[in-house]
Amino acid sequence: MPPDRVHTAPVPELPEVETVRRQLAPQLRGRTVLATWSFGTPKFDQAHLAAGSTFGPLDRRGKYLLAALDGPDGERELVLHLGMTGRLGVRPGPIDGPIDGPIDGPTGTHLRAAWELDDGTTFEFHDVRRFGRLAVVDHGDHDGLPTLAHLGPEPFDDAFTPASLRAAVARSGRAIKTQLLSQRPVAGLGNIYADEALWDAGIHPRATRLGTQRAAALHDAIRRVLDAGIRHGGTTLRDYRDATGAEGSHQHRLRCYGRAGRPCLRCGLPLRRTVVDARTTTFCPTCQAR
DNA sequence: GGCTGGCCCTGTACGC
DNA sequence: TGCGTACAGGGCCAGC
């Protein structure tokens with residue numbers, strides 16, 4: 001089997017979103033929105049609801065960024081999801097929009113929303129494929145965002161334990177990979193880190209139950225791969241850039257994702273590609289036997 | 001309430 | 001060289 005062809009656009013997952021959050025938080029906090037612009041489709045047009053508000057702390061839940069807003073309508077929240085190709089950044093100068101096409105600048109292309117700030121800069125949301133979205137909601141009111149409303153525990157919180165992981169998986173008969181991507185057993189995993197964690201723990205992506213030992217192994221593996229991703233500034237295979245426009249470096253350390261046909265780093269036999277839940281999945285048929 | 005399948009969307013790779 | 005097609009995938013939603 002030839003090596004996996006990697007021409008896809010891996011989405012920002014928890015490490016990438018956390019990297020962006022750490023960079024943006026100090027740039028946004030205390031800044032007041034003077035003007036707004038949006039692409040005009042339902043996924044982005046709530047950008048206007050932030051007009052006149054002042055940014056507070058920038059938090060993260062799973063792959064969602066939550067920016068506190070203090071404004072004329074009380075305490076609200078700007079919720080941002082980067083989808084597959086979303087990029088955020090702050091650049092000098094006023095709003096340039098309307099733009100739908102390649103533009104110059106550090107944050108990418110295809111502007112979808114922009115917030116002009118009171119220090120002469122503009123906070124921008126670029127998203128080529130428009131799988132990203134944003135919403136302005138009352139603080140903590142996530143009913144309109146079902147995945148966020150039902151998000152599992154944060155992977156580094158005490159609430160995420162081997163027992164909680166095992167119990168969450170036991171509530172469904174679906175494949176473990178599908179469940180991890182659902183964000184319910186734990187928040188923040190996407191296709192890359194799900195494959196990496198399952199390989200690390202030696203668990204087949206179509207397994208439907210976890211014993212005590214395997215739940216502990218997967219729990220530890222999830223924390224390990226996400227922590228490594230954050231330390232390396234995220235994974236860039238093509239599209240992802242952080243808030244400064246820089247690439248991450250974790251792509252050089254991937255041990256499973258995108259390596260189908262290449263030798264498993266544990267047993268030396270070829271990794272295999274399959275499809276689980278309509279997502280490309282790489283695994284080792286020997287180390288991750290069912 | 002849980003599960004499945006379809007849809008959104010666009011850049012890239014590949015075959016002809 | 002240029003065109004057409006397949007593919008990638010997170011979240012939402014309708015239907016079962």
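**Salt bridges and the DNA contact surface**

Student: What relative accessible area does Arg31 have?
Tutor: This is a predicted model, in which local features need pLDDT of at least 70 and side-chain atom pairs count only at pLDDT 80 or more, while totals for chains, interfaces and linings use all residues. Residues are numbered from 1 along each chain as its sequence is written, chains are lettered from A and ligands numbered from 1 in the order written, and side-chain values use heavy atoms, without hydrogens or water. Arg31 is partly exposed (buried is under 20% relative accessible area, exposed over 50%, partly exposed in between, using a 1.4 Å probe and protein chains only). Its value is 24%.

Student: Which residue does Arg31 meet in a salt bridge?
Tutor: The pair's N to O distance is 3.8 Å (a salt bridge needs a side-chain nitrogen of Lys or Arg within 4 Å of a carboxyl oxygen of Asp or Glu). The link joins distant parts of the chain, 88 residues apart: Arg31 sits in the loop between helix 1 and strand 1 (33-38), its partner in the loop between strand 6 (111-117) and strand 7 (121-127). That partner is partly exposed as well, at 38%, and is Asp119.

Student: Why are Arg22 and Glu18 about one helical turn apart, and in which helix?
Tutor: Their side chains form a salt bridge at 2.8 Å, N to O, and Glu18 is buried at 6% relative accessible area. The separation is about one turn because they are 4 residues apart in a single helix (a DSSP run of H or I, at least four residues; strands are E, at least two; both are numbered from the N terminus). That element, residues 14-28, is helix 1.

Student: And which helix holds both Arg231 and Asp227?
Tutor: Here the salt bridge is 3.0 Å, N to O, with Arg231 exposed at 56% and Asp227 partly exposed at 32%. The two are 4 residues apart, about one turn, in residues 212-231, that is, helix 6.

Student: How many residues surround DNA strand C?
Tutor: Near means a heavy atom within 4 Å of the strand. The closest residues are His81, Met84, Thr147, Arg273 and Arg279, and helix 2 (146-149) and strand 10 (279-283) each supply at least two residues of this surface. The full count is 19.

Student: Which residue's side chain has an N or O atom 2.8 Å from a phosphate oxygen of DNA strand C?
Tutor: Thr280 reaches a phosphate oxygen with a backbone N or O atom, at 2.7 Å. The side chain of Arg129 has an N or O atom 3.1 Å from a base nitrogen. The side chain you're after belongs to Asn191.

Note on methods:
A polar contact is a pair of N or O atoms within 3.5 Å; within protein, one must be able to donate a hydrogen and the other to accept it, and residues adjacent in sequence count only if both atoms are side-chain atoms.
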